[in-house]
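Visitor: I should like to take a close look at a single part of this protein. Please begin there and then place that part in its wider setting.

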Amino acid sequence: MKDFQEDVEKAKSSGDWKVVHDFYLTTFDSFPELNAAFKKDATTSLNTIEDSGINAKFVNAVYDALLNTPQDIQKTVLKGIINSLLREWKGPRTKDDLRAYFVLLQNPQFNNTSTYVIYAHLLRQIAALVEADHHFLVHWFKKLSQKRFKQVVERLLQFISLRLFPAKPEEFPPITKCSWWIPSASKVLALLNTANNLVHPPLIPYTDFYNSTLDHIDLMEEYHTWQSFGNSHRFSFCQYPFVISIAAKKIIIQRDSEQQMISIARQSLVDKVSRRQRPDMNMLFLNMKVRRTHLVSDSLDELTRKRADLKKKLKVTFVGEAGLDMGGLTKEWFLLLIRQIFHPDYGMFTYHKDSQCHWFSSFKCDNYSEFRLVGILMGLAVYNSITLDIRFPPCCYKKLLSPPIVPTDQNTPVGICSVTTDDLCQIMPELAHGLSELLSYEGNVEEDFYSTFQVFQEEFGIIKSYNLKPGGDKIPVTNQNRKEYVQLYVDFLLNKSIYKQFAAFYYGFHSVCASNALMLLRPDEVEILVCGSPELDMHALQRSTQYDGYAKTDLTIRYFWDVVLGFPLDLQKKLLHFTTGSDRVPVGGMADLNFKISKNETSTNWLPVAHTCFNQLCLPPYKSKKDLKQKLIIGISNAEGFGLE
């Protein structure tokens with residue numbers, strides 16, 4: 001490597017590139033030469049899956065220098081790669097061949113569209129490798145540095161985007177001649193995505209695999225192709241859902257939901273007409289009539305009675321009130337119902353202060369229908385595009401997709417997924433920390449901890465014991481079996497002890513969201529669909545805000561944004577919660593909130609008022625920034641409880 005770098009420096013200063021040219025000519029001439037140059041030890045076969053045996057630093061140095069060499073050297077490298085790829089293969093690929101593919105995929109020359117024909121052939125050969133070879137590549141990919149890994153992913157995403165929407169179509173062969181380009185690139189991206197998911201934490205966020213270009217293609221056609229052909233010979237981006245952005249997935253789910261809504265409403269209409277009955281508009285909606293004083297029981301009764309209508313558009317009426325539901329009453333119904341159900345006194349969910357999230361109460365009860373109601377609520381929220389203020393840990397959404405489609409056999413367990421202390425840490429960090437300490441304890445576990453394969457839980461003031469395995473109360477926890485104990489303990493807390501509660505919740509959710517589109521989602525994406533995103537961008541909110549009675553240049557409005565943009569994150573969240581009923585952002589970002597600031601022609605001694613149904617803030621015309629800041633902080637910090645004017 002040192003020699004190579006010295007040769008490059010000499011060539012730069014003297015202008016004589018012959019030595020460097022010869023190096024590139026030889027190295028990229030064939031797969032054996034690539035291995036001779038970049039293998040750490042050229043004599044050993046190095047068949048280990050964890051180590052590619054490639055000198056990564058040298059590969060990086062050679063590629064970083066390549067783009068600054070004269071054009072003839074760069075052309076020489078591409079010619080060598082073409083000859084290597086055109087070589088006739090006899091028998092299966094060797095590990096040295098895989099190493100060559102691994103090195104070539106990192107070539108930065110493939111950022112240039114003029115090299116795309118060569119790049120496509122490289123991708124096709126990598127995509128066509130047998131599964132065992134893919135397995136090696138996946139494990140080698142995960143050892144790349146974050147920077148190089150990201151570059152390879154971005155190069156592939158750009159290749160797909162420019163093949164879909166070429167800036168100069170004449171640059172590429174006609175699409176009919178290269179229909180295999182995008183499937184090959186997608187397959188190689190899938191290997192990188194698998195590698196990324198094997199590393200904790202991942203090398204890059206899963207959102208870095210999103211290809212936003214796909215937001216501009218006919219996604220429903222992709223979805224229907226996938227529905228009809230599955231993962232067979234017909235390509236669809238839905239076979240590789242990790243490249244489809246959450247915004248695009250939301251569109252697929254909404255359209256799928258709308259089509260189901262329309263077909264069910266149409267069927268209701270046909271049934272009514274065929275029975276010679278007079279149709280009315282109400283039959284096209286899921287109409288909920290509830291009393292504020294009996295919110296949970298009325299909602300449960302209505303949803304149980306109208307089970308067949310769950311996939312119709314939701315409309316809510318509060319008994320004794322004249323309000324027409326333009327979306328505001330629906331939002332209020334969700335808000336009040338969620339608040340009541342998740343109240344600690346209600347006993348369905350336990351709030352964990354350390355993790356600031358709710359978890360299912362393991363208390364046994366006769367009827368789990370209220371857990372089904374919460375599942376239906378979550379399903380209705382996704383179906384009707386409403387963001388809920390629910391604080392479940394990530395493993396809840398993992399369980400909700402286990403499996404993503406309801407099994408036809410009623411006896412198949414649902415909502416059970418593999419869980420670890422990492423999952424427990426998101427709910428009960430102290431307990432998870434204690435179990436991790438047990439696993440790493442260097443003393444005698446049996447004598448010092450004196451535990452058995454048994455857990456104790458308090459239920460209505462009574463301590464109950466449960467065996468983690470048959471005869472668990474008589475099996476001591478030792479240094480040898482402590483891993484099994486921790487695994488069974490975590491599984492008991494997150495799966496077994498709440499099985500009936502979660503199963504009811506699971507069936508409730510899927511009774512509304514019974515869509516194959518759910519198979520496209522990661523658990524994190526389901527959470528964003530239900531609760532919105534926790535990422536706040538107040539500048540984006542400022543850009544999309546509408547005004548009523550104010551202009552954006554008015555002094556009060558300028559004070560307002562000066563104050564809000566200077567708020568710490570917790571106060572910005574409180575403002576969002578105060579005005580919209582949730583401190584999270586919908587999938588489409590701040591612009592989707594339709595946030596409005598209206599002039600409140602009242603005394604400037606008054607606090608601001610919010611109408612969460614309409615995401616509206618009513619702001620008196622405060623005369624000073626200090627006064628506005630003081631009143632705003634008081635208002636948003638004391639906004640618990642819900643009042644109607």
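Which residue stands opposite Gln-616 in strand 10? Please describe the surroundings of that strand as fully as the model allows.

Guide: The model is a predicted one, and the description that follows should be read in that light. Lys-596 is the residue that stands opposite Gln-616 of strand 10. The pair belongs to the contact between strand 8, residues 596-599, and strand 10, residues 616-619, which run parallel and are joined by 4 bridges. Within this pairing, Ser-598 has Cys-618 of strand 10 as its bridge partner.

Strand 10 also pairs with strand 9, here in the antiparallel sense and over 3 bridges. Cys-618 of strand 10 appears again in this context, since Val-609 stands opposite it. Strand 9 and strand 10 together form a hairpin, with 4 residues between the two strands. In the turn of that hairpin, Asn-615 has a positive phi of about 55°.

These pairings belong to an open sheet of 4 strands, ordered 7-8-10-9, with mixed pairing. Its edges are strand 7 (546-548) and strand 9 (609-611), each of which pairs on one side only. From one strand to the next, the twist averages 20°. Helix 25, residues 569-580, packs on the sheet and touches strand 9 and strand 10. The direction of helix 25 makes about 60° with that of strand 9.

The burial of strand 10 can be considered face by face. In a regular strand, side chains alternate between the two faces of the sheet. In strand 10 both faces are covered: Gln-616 and Cys-618 lie on one side, Leu-617 and Leu-619 lie on the other, and all are buried.

Helix 25 leads from the sheet to the largest pocket, to whose lining it gives the most, with 6 residues. About 1300 Å³ of space lies in this pocket. It is lined by 46 residues, of which Tyr-351, Asp-389, Arg-391, His-577 and Asp-583 are the closest to its centre. The elements that give two or more residues to this lining are helix 14 (328-341), strand 4 (357-360), helix 22, helix 25 and helix 26 (625-637).

Enclosed space can be treated separately. The count comes to 2 cavities of 30 Å³ or more, and the largest cavity has a volume of about 90 Å³. Its lining includes Lys-250, Ile-253, Gln-254, Pro-586 and Val-587. Helix 12 (246-274) and helix 22 (523-531) are the elements that give two or more residues to the lining of the largest cavity. Helix 12 gives the most, with 3 residues.

A residue in another part of the chain offers a further example of burial. Ser-184 lies in helix 10, residues 181-198, and counts as buried because its relative accessibility is 7%, where the cut-off is under 20%. The side chain of Ser-184 reaches the backbone oxygen of Trp-180 at 2.8 Å. Leaving aside residues up to four places away in sequence, Ser-184 touches Leu-123, Arg-124 and Ala-127.

As to the whole, the protein has 26 helices and 10 strands. Its C-alpha trace spans about 90 × 75 × 65 Å along the principal axes. Of the 645 residues, 49% are buried. Among contacts between residues at least 6 apart in sequence, 71% join residues at least 24 apart.

Conventions:
Residues are numbered from 1 along each chain as its sequence is written. This is a predicted model: local features need pLDDT of at least 70, side-chain atom pairs count only at pLDDT 80 or more; totals for chains, interfaces and linings use all residues. Side-chain values use heavy atoms; hydrogens and water are left out. Buried means under 20% relative accessible area, exposed over 50%, partly exposed in between (1.4 Å probe, protein chains only). A polar contact is a pair of N or O atoms within 3.5 Å; within protein, one must be able to donate a hydrogen and the other to accept it, and residues adjacent in sequence count only if both atoms are side-chain atoms. Contact means heavy atoms within 4.5 Å. Two strands pair if DSSP finds at least two bridges between them. Axes are lines fitted to C-alpha atoms, for helices over the stretch in contact, and angles run from 0 to 180 degrees between N-to-C directions. On a 1 Å grid over the protein atoms alone, a cavity is a set of points where a 1.4 Å probe fits but cannot get out, and a pocket is an open set with protein on both sides within 12 Å along at least five of seven lines; lining residues have an atom within 4 Å of a point. Grid points are joined across faces, edges and corners, and a volume is the space filled by probe spheres set on the points.
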